[in-house]
Amino acid sequence: MVPPEPRRERSYAHMSPTGTTKIPDVARALQNEPLSQRRDDGWWRHAVVYQVYPRSFADGNGDGLGDLRGITEHLDHLNDGTPSSLGVDAIWLSPIYPSPDFDFGYDVADYLDVDPRFGTLADFTAFVSASHDRGLKVILDLVLNHTSHLHPWFEASRSSRDGPYADWYIWRDSPGRSLTGRRRRPNNWRSWFRGPAWTWDETRKQFYMHTFLPEQPDLNWRNPDVRAALMNVVRTWLERGVDGFRLDVFNVYFKDAMLRSNPLAIGRRGAWSWQRHVHDRDQPELADALLEMRALVDSYGGKMTVGELFDNSVVAAAAHVAPHHLIFDWLLLTTPWSASRFRAAIAAREVAFGPDRWPANVLSNHDQSRHATRFAKDGVSVAEGDARAKVAAAMLLTLRGAAFMYYGEELGMRDIVVANSQAFDPPARRASFLFPWWNRDQSRAPMSWRGGPGGGFTTGRPWLPVSPDVSDRNVARQSAEPDSVLSFYRRLIWLRRETPVLGEGGQEVIEVGDDDVLAYARRLGDSSALVLLNFASRSARVQVPPAASGRGWRIAASTHEHDAAAGALGPTLTLGPLEAIVALDA
Ligand code: NOJ
């Protein structure tokens with residue numbers, strides 16, 4: 001989730017005055033080991049992870065909501081072991097736990113079970129083993145900053161000031177009444193989902209704190225019992241065979257011990273941006289808690305986590321990275337369609353991450369407008385939008401780092417339009433002039449499997465409308481079209497699987513003589529790759545740097561046709577409009 005105040009981070013370009021930076025090879029230890037023969041403890045580095053929003057992926061029982069059975073039935077799309085599937089390495093499931101859905105699963109009422117609408121624990125076990133049979137790892141979404149207000153821990157906590165759960169959440173007395181008789185709140189903290197971060201509870205006659213909705217009370221991570229209970233959650237799912245976790249807003253777990261008010265700031269995005277968030281997140285105690293969690297995860301071997309940083313700072317993101325523990329920073333996801341903007345973003349990330357920290361690359365997720373929509377604003381035609389989606393895919397899948405995809409992006413799926421007045425997304429229902437909010441339903445439309453009513457997603461009434469272009473843009477149709485966005489994703493992901501330099505290599509951004517062309521080289525031992533991405537809708541003449549091996553380049557994947565002889569690249573090359581080329585040393 002990307003909080004506002006991007007202005008501070010917009011100045012990232014200062015970190016790399018030239019806009020390019022040379023990064024040495026980071027994968028020395030793995031250099032001479034072919035991917036296929038490796039004991040794959042490094043899968044978290046070269047992985048392509050596919051995010052499934054369970055409500056929207058595939059409905060196995062016809063009730064209009066996606067479920068585990070539906071996901072299991074569609075695993076062949078993700079990886080059936082052949083290049084006619086996507087070939088991804090892992091699935092990240094957005095929350096599947098019982099939830100009253102005030103924030104669509106991100107308000108958990110029981111960490112150890114499966115919501116009956118998604119299936120049962122037995123369905124989960126079947127899903128994990130079917131995934132593992134296909135070589136797919138399973139990553140669960142852990143929402144450990146807050147629970148649902150209907151979680152039994154919170155119900156017990158609110159019921160008594162001195163019961164065993166009394167201190168499991170962040171409770172405070174009101175410091176008194178204002179002149180108008182209103183109960184004053186413990187401090188000035190705000191909820192990211194609008195309004196104050198404190199809600200009065202009539203039973204306990206105290207305020208409780210919530211970074212998000214009042215229906216999502218924040219847990220008290222300073223209480224050792226809470227920490228032990230949460231570590232038990234982590235352990236239980238590891239025992240059930242999962243391979244990793246995505247940690248929802250992990251840097252918010254701890255708040256200032258004295259609950260001091262945040263200093264005020266000038267911001268242009270509503271009340272949240274009118275303070276500096278120095279006391280309601282990023283506290284020093286976080287480091288120790290993360291170490292404990294990492295030690296637990298690492299004790300199982302071959303597992304990973306990816307943390308969702310609730311902040312825009314790429315420097316802060318990089319600071320939290322550790323082996324097997326990735327962090328989402330949001331620089332790529334907030335960069336508009338421009339080669340020079342991406343060049344600067346990539347350079348800034350490389351400076352922040354340095355050679356030893358491994359990035360997580362992402363262009364779309366369940367909180368943001370889909371990138372095929374973002375990159376095709378202002379009257380861009382459907383065909384051109386698809387061409388841009390392919391260039392973006394080439395970038396996502398060849399940049400240094402683990403690649404995270406969002407379901408449907410392999411089709412170039414666009415946002416649907418849902419007015420705030422029709423929204424399910426709770427903050428969208430609370431939107432106002434002072435609280436502008438992009439309705440997240442719009443990027444959560446049912447997966448487009450085939451044409452026709454329900455789009456192959458459901459035989460019932462889908463919980464959100466299927467995409468209006470479902471009959472043209474769907475898995476069945478694009479599977480049969482060699483030039484489709486889907487076919488391009490498949491080619492690239494399989495190329496990445498078979499080419500260690502794309503999964504593991506170091507990276508150097510290079511200038512090729514045209515500002516609209518983003519170019520970089522990857523290097524691993526004595527193999528290299530060259531990526532040329534023309535962001536412009538005109539052709540571009542570029543200089544091709546010599547391959548370090550001295551052997552020259554051959555095209556391994558391209559959005560455009562090349563005859564066999566042209567497979568070998570000369571010292572100059574004309575890229576077609578919106579052409580992406582991935583070349584390997586011959
Ligand atoms: C981040 C999640 O990505 C988002 O969907 C959710 O609303 C918030 N955390 C609150 O849990």
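In this predicted model, strand β15, residues 540-543, has two unlike faces: A540 and V542 lie on the covered face, while R541 and Q543 lie on the uncovered one. In a regular strand, side chains alternate between the two faces of the sheet. Strand β15 is joined by four bridges to strand β18, residues 572-575, and the two run antiparallel. Within this pairing, V542 of the covered face has L573 in β18 as its bridge partner.

**The six-stranded sheet**

Another set of strands forms an open sheet of six, in the order β12-β13-β14-β19-β16-β17, with antiparallel pairing. Strands β12 (506-510) and β17 (568-569) stand at the edges; each has a single partner strand, so one side of each is left without a neighbour in the sheet. The partner of β17 is β16, residues 553-558, to which it is joined by two bridges in an antiparallel arrangement. Here W553 stands opposite L569 of β17. Helix α16, residues 485-498, packs on the sheet and touches both β16 and β19 (580-585). The direction of this helix makes about 135° with that of β16.

**The ligand and its surroundings**

The ligand is surrounded by 15 residues, of which the closest are D103, H146, D248, H366 and D367. The table lists polar side-chain atoms that lie at short range from ligand atoms.

| Residue | Ligand atom | Distance |
|---|---|---|
| D248 | nitrogen | 3.0 Å |
| D367 | oxygen | 2.5 Å |
| R440 | oxygen | 3.0 Å |

Taken alone, the ligand exposes 290 Å², and the protein buries 100% of that area.

**Residue R444**

R444 is found in the loop between α14 (426-429) and α15 (475-479). Is this residue buried or exposed? Its relative accessible area is 1%, and a residue counts as buried under 20%, so R444 is buried. Leaving aside residues up to four places away in sequence, R444 touches Y53, S56, F104, H366, D367, Y406, Y407, D425, W463 and L464. Two of these names, H366 and D367, also appear among the residues closest to the ligand. With D367, R444 shares a side-chain polar contact of 3.4 Å; D367 also has a polar side-chain atom 2.5 Å from an oxygen atom of the ligand. In addition, R444 and S467 are 23 residues apart in sequence, and their C-alpha atoms are 9.9 Å apart in space.

How values were computed:
Residues are numbered from 1 along each chain as its sequence is written. This is a predicted model: local features need pLDDT of at least 70, side-chain atom pairs count only at pLDDT 80 or more; totals for chains, interfaces and linings use all residues. Side-chain values use heavy atoms; hydrogens and water are left out. Two strands pair if DSSP finds at least two bridges between them. Contact means heavy atoms within 4.5 Å. Axes are lines fitted to C-alpha atoms, for helices over the stretch in contact, and angles run from 0 to 180 degrees between N-to-C directions. Buried means under 20% relative accessible area, exposed over 50%, partly exposed in between (1.4 Å probe, protein chains only). A polar contact is a pair of N or O atoms within 3.5 Å; within protein, one must be able to donate a hydrogen and the other to accept it, and residues adjacent in sequence count only if both atoms are side-chain atoms. A residue is near a molecule or strand if one of its heavy atoms lies within 4 Å of it. Accessible areas come from the Shrake-Rupley method with a 1.4 Å probe; for residues, only the protein chains shown count as cover.
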